[in-house]
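Open the model in your viewer and keep the sequence panel in sight. We will go from the whole chain to single residues.

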Amino acid sequence: MSRSLRRGALAATALVFSVAALSACGAGNDAQTLEVRPDNAAVTVDDVKVQNALVITQPLPGAKGPAAVSATVFNNGSLPQTLDSISLPGMRATVTLKAAEGTGPIVVPAQGSVTIGGEGNASAVIENGSEAARDGDAQKVVFKLSRTGDVALNAFVVPAKSYFKDYGPTVVPALPEAAPTATPSSSASPSGEASHGAEHGAETPASGEPTTAGH
C-alpha cells in the first residue's frame, strides 16, 4: 500500500471512531436533559444520581422573594425512594418540598427519575431565598433520600433568566409607581372673572337694558 493510501485509511478510521464516540456521549439517562439546558452539577451515590442541580434566584438583582432548587434525581435501584428533604448547609434557609401531584412525598421510582422545578413537576422552594444565596456563588445542597441518605453537591446559583426562567421561583410583581403629588391651581377661572362677580353679586346688565332694581 502506498504512503498516500495508508494516510487515507488512517484518517477514515479516525473519523469512524470520532462518530462512534459522539454517539456514545448522547446515550444514557442524561441525553435528553442536556438538549434542554447546559449540564451543571452532578453526583452519584450508590443507586442515586442527582444531575443539573441549581439554585435559582429572582430574575432581578436585589429583588426580595423566594428562590428555588432545580435538579433531576435518578434512581437506578430496584426499589423506590422518597426525597425526604433538601437543605443548604450553612444557610438559614428553609426548603419546602411539594410533589407534582400537589400532596404526598416526592417519590423517585425504581429505575426512574423525578424532575424538580418547572411547570408540572415537583418543586423545592427556598422561602427566604434572597438571603440564602447570591448569583454566581456555588452553594452546597444536600438531597436526603429515604434509602440512600444524604447526597451532597455544590450547585451553581443563577438568576431565573434565559435557560433557567421556567425552572425558577415565582417572580415578585413590580411595585406600583407612586401617584404624582397634586399641586394647587393658581386660579380656577380666567383672571378677574370670578372675583369681579363675587364683589358685585350680580352681572352688570348690558348698556340700554332696563333693570328692575328699585321697582
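The stops below run from the overall fold to the cores and then to a few single residues.

**Stop 1: the whole chain**

Bear in mind that this is a predicted model. Show the chain as a cartoon and colour it by secondary structure. You should find four helices and ten strands. Trace them along the sequence, and the order reads α-α-β-β-β-β-β-β-β-β-α-β-β-α.

Now switch on the surface. Its accessible area comes to about 14,000 Å². Carbon and sulfur atoms account for 55% of that area. Of the 215 residues, 30% count as buried.

How much of the contact map comes from residues 24 or more positions apart? Among contacts with a separation of 6 or more, such pairs make up 66%.

**Stop 2: the largest nonpolar core**

In soluble globular proteins, nonpolar side chains tend to be buried together. Select Val 50, Ile 86, Ile 116, Ile 126 and Phe 143 and show their side chains. These five touch the most other members of the largest nonpolar core, which has 29 residues. Next, colour the strands that supply at least two residues each to this core: S2, S3 (67-75), S4 (81-87), S6 (106-108), S7 (112-116), S8 (123-126), S9 (138-145) and S10 (149-159).

Another core lies apart from this one. Select Ile 56, Val 158, Ala 160 and Phe 164, which are among its six residues.

**Stop 3: strand S2**

Zoom in on residues 48-57, which form strand S2. Pick Gln 51, which lies in this strand. Is Gln 51 buried or exposed? Gln 51 counts as buried because its relative accessibility is 1%, below the 20% cut-off. Add the side chain of Lys 49 to the view. A polar contact of 3.3 Å joins it to the side chain of Gln 51.

Move on to Asn 52, also placed in strand S2. Check its backbone: phi is positive, at about 55°, although Asn 52 is not a glycine. Asn 52 has a relative accessible area of 0%, so it is buried.

**Stop 4: the loop between S6 and S7**

Which residue in this loop has a positive phi without being a glycine? Select Gln 111, which sits in the loop between S6 and S7. Its phi is near 55°. Turn the surface back on here. Gln 111 has a relative accessible area of 59%, so it counts as exposed.

To finish, show Asn 52 and Gln 111 together. Asn 52 is buried, whereas Gln 111 is exposed.

Notes
Residues are numbered from 1 along each chain as its sequence is written. This is a predicted model: local features need pLDDT of at least 70, side-chain atom pairs count only at pLDDT 80 or more; totals for chains, interfaces and linings use all residues. Side-chain values use heavy atoms; hydrogens and water are left out. Buried means under 20% relative accessible area, exposed over 50%, partly exposed in between (1.4 Å probe, protein chains only). A polar contact is a pair of N or O atoms within 3.5 Å; within protein, one must be able to donate a hydrogen and the other to accept it, and residues adjacent in sequence count only if both atoms are side-chain atoms. A nonpolar core is a set of buried Ala, Val, Leu, Ile, Met, Phe, Trp, Tyr and Cys residues joined through side-chain atoms within 4.5 Å. Contact means heavy atoms within 4.5 Å. Accessible areas come from the Shrake-Rupley method with a 1.4 Å probe; for residues, only the protein chains shown count as cover.
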